[in-house]
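Take a moment with the sequence and the model below. Then follow the text from one part to the next.

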Amino acid sequence: MTETGATAAPTTGEPAPSRLTARELTLAYEDRTVVDGLDLDVPQGAVTVVVGPNACGKSTLLRALGRLLRPRRGAVFLDGADLARIPTKQIARSLGLLPQTPVAPEAITVADLVARGRQPHQHWWQQWSAEDERAVTEAMERTDVAQLAARAVDELSGGQRQRVWIAMALAQETDLLLLDEPTTYLDIAHQVEVLDLVRQLNHERGRTVVAVLHDLNQAARYADHLVAMRAGRVVAEGPPGEVVTAELVREVFGLEAVVIPDPVTGSPLVVPGRPWAGAEVSGV
C-alpha cells in the first residue's frame, strides 16, 4: 500500500501513460526566448533528471511544468488538462515544486514553514489533522531537520535552509515532485542523502520526480530518464546508459571527456579530459 496521495510505480507490463506533458512549448522572458517548441513526456513513476549548460532553459522548463511561468506558445498538460486552466489548489494536491531560490517569510520557524506544505490538503472545516502532523513530522525526520523545528529559517545556514525547503515539498505528499537544483548549498554528504531520499520516495512510494541537476555524474547515477538540453531544446533523452556518451558531452557542454562505467553503480561516469597545466617545462 502506498502513502496517501501517491501512485505506485508500475512493475510489470507497459509503462503507465505520462501524467505531465509539454507540447510545442515556447517560453520567454520579455523579448528573449529561452525554450523554443519543446515537446516532453515525463515518464510516470520514474526519476527524470534535466541537465545542460548554464542558461540552456532547464530551470525555465521546470518553472513552466510547475505553472510558475506562463508559456508564450504551446502548453503543459496534467492528466490531459491544460495546466493553465486547472485551479491552483487542485494542482497543489498533485504537483509539488521546489524552486531554485525560494524565499521564506521573515522570522518563520522551521516547523511552521514545513507545515505550509499541508495547506493544499486542508479544508475550511478542518485546518489541521493527525494526518497533517504525521506528514510534517516524517518530512522533517527524513531531511534531518527535526532538531531545528523551533529555529527561525533565516538564522540557518544555506545547507540547512535547503533541507527545510525540501522537507516542505515532501510534506505536501504529491504524486509529482519537481525539484530545481535540490542539492544547491549542500555538502557532498547531504547531496547524496537528498538524492538517495529522492530514489527512495520513487521506489517505495511511487513518486514521479523531475529534477534539474548541474552535476552530470549525479544525474547519470540517480536518473531513470535523462533529458539533455542545449539552447532551449532537447538534444537527447532516454536511459542514462544510452544518453551519456563522450559525443553528447562534447555537443551539450563543449567538453572533451571520457565516459566509463561507474565502479559502484555501473552508470555512466564522465571523466573530463586533461586539464590545462601551463607550458611544459623540459630539462629542469
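Which side chain meets that of Asp 41 in a salt bridge? The partner is Arg 23, at 2.8 Å from N to O. This pair links distant parts of the chain. Asp 41 belongs to strand 2, residues 32–42. Arg 23 belongs to strand 1, residues 20–29. The two residues are 18 apart in sequence. Asp 41 counts as partly exposed because its relative accessibility is 37%, between the limits of 20% and 50%. Arg 23 is partly exposed too, at 34%.

Keep in mind that this is a predicted model. The mean pLDDT of the chain is 88. A value of 70 or more is reached by 91% of the residues. Residues 1–12 have a pLDDT below 50. In the model, that stretch has 24 contacts beyond near neighbours in sequence.

Back to the charged side chains. The structure holds 17 salt bridges. One of them joins Arg 151 to Glu 155, with the closest N and O atoms 3.7 Å apart. Arg 151 is partly exposed, at 34% relative accessibility. Glu 155 stands at 52%, so it counts as exposed, the cut-off being over 50%.

Now turn to Arg 199. Where does Arg 199 sit? Its place is in helix 6. Is Arg 199 buried or exposed? It is buried, because its relative accessible area is 16% and the cut-off is under 20%. The side chain of Arg 199 forms a salt bridge with Asp 224, at 2.9 Å from N to O. Again the pair links distant parts of the chain, 25 residues apart. Helix 6 spans residues 188–205. Asp 224 lies in the loop between helix 7 (216–222) and strand 9 (225–230). Unlike the buried Arg 199, Asp 224 is partly exposed, at 31%. Other salt bridges share partners and build one network. Its members are Arg 118, Glu 131, Asp 132, Arg 134, Glu 138, Arg 142, Glu 173 and Arg 205. Leaving aside residues up to four places away in sequence, Arg 199 touches Val 47, Tyr 222 and Asp 224.

Next comes helix 9, residues 246–253. Which of its residues are buried? They are Ala 246, Leu 248, Val 249 and Val 252. Seen down the helix axis, these buried residues fall within an arc of 160 degrees, so they line one face of helix 9. Several elements cover them. Among these are helix 7, strand 9 and strand 10 (233–238). Helix 8 (240–243), strand 11 (257–261) and strand 12 (268–272) are also included. Just after helix 9, Gly 254 takes a positive phi of about 65 degrees.

Finally, look at the sheet. Six strands form an open sheet, in the order 6-7-8-3-9-10. The pairing is mixed. Strand 6 (95–98) and strand 10 stand at the edges. Each has a single partner strand, so one side of each is left without a neighbour in the sheet. Direction ignored, neighbouring strands are turned by 15 degrees against each other on average. Strands of a sheet pair through backbone hydrogen bonds, either parallel or antiparallel. In which sense do strand 6 and strand 7 pair, parallel or antiparallel? Strand 6 and strand 7 (residues 176–180) pair in the parallel sense, over four bridges. Leu 95 stands opposite Leu 176 in strand 7.

Notes. Residues are numbered from 1 along each chain as its sequence is written. This is a predicted model: local features need pLDDT of at least 70, side-chain atom pairs count only at pLDDT 80 or more; totals for chains, interfaces and linings use all residues. Side-chain values use heavy atoms; hydrogens and water are left out. A salt bridge is a side-chain nitrogen of Lys or Arg within 4 Å of a carboxyl oxygen of Asp or Glu. Buried means under 20% relative accessible area, exposed over 50%, partly exposed in between (1.4 Å probe, protein chains only). pLDDT is the predictor's confidence in each residue, from 0 to 100. Contact means heavy atoms within 4.5 Å. The arc is that of the directions from the helix axis to the C-beta atoms. Two strands pair if DSSP finds at least two bridges between them. Axes are lines fitted to C-alpha atoms, for helices over the stretch in contact, and angles run from 0 to 180 degrees between N-to-C directions.
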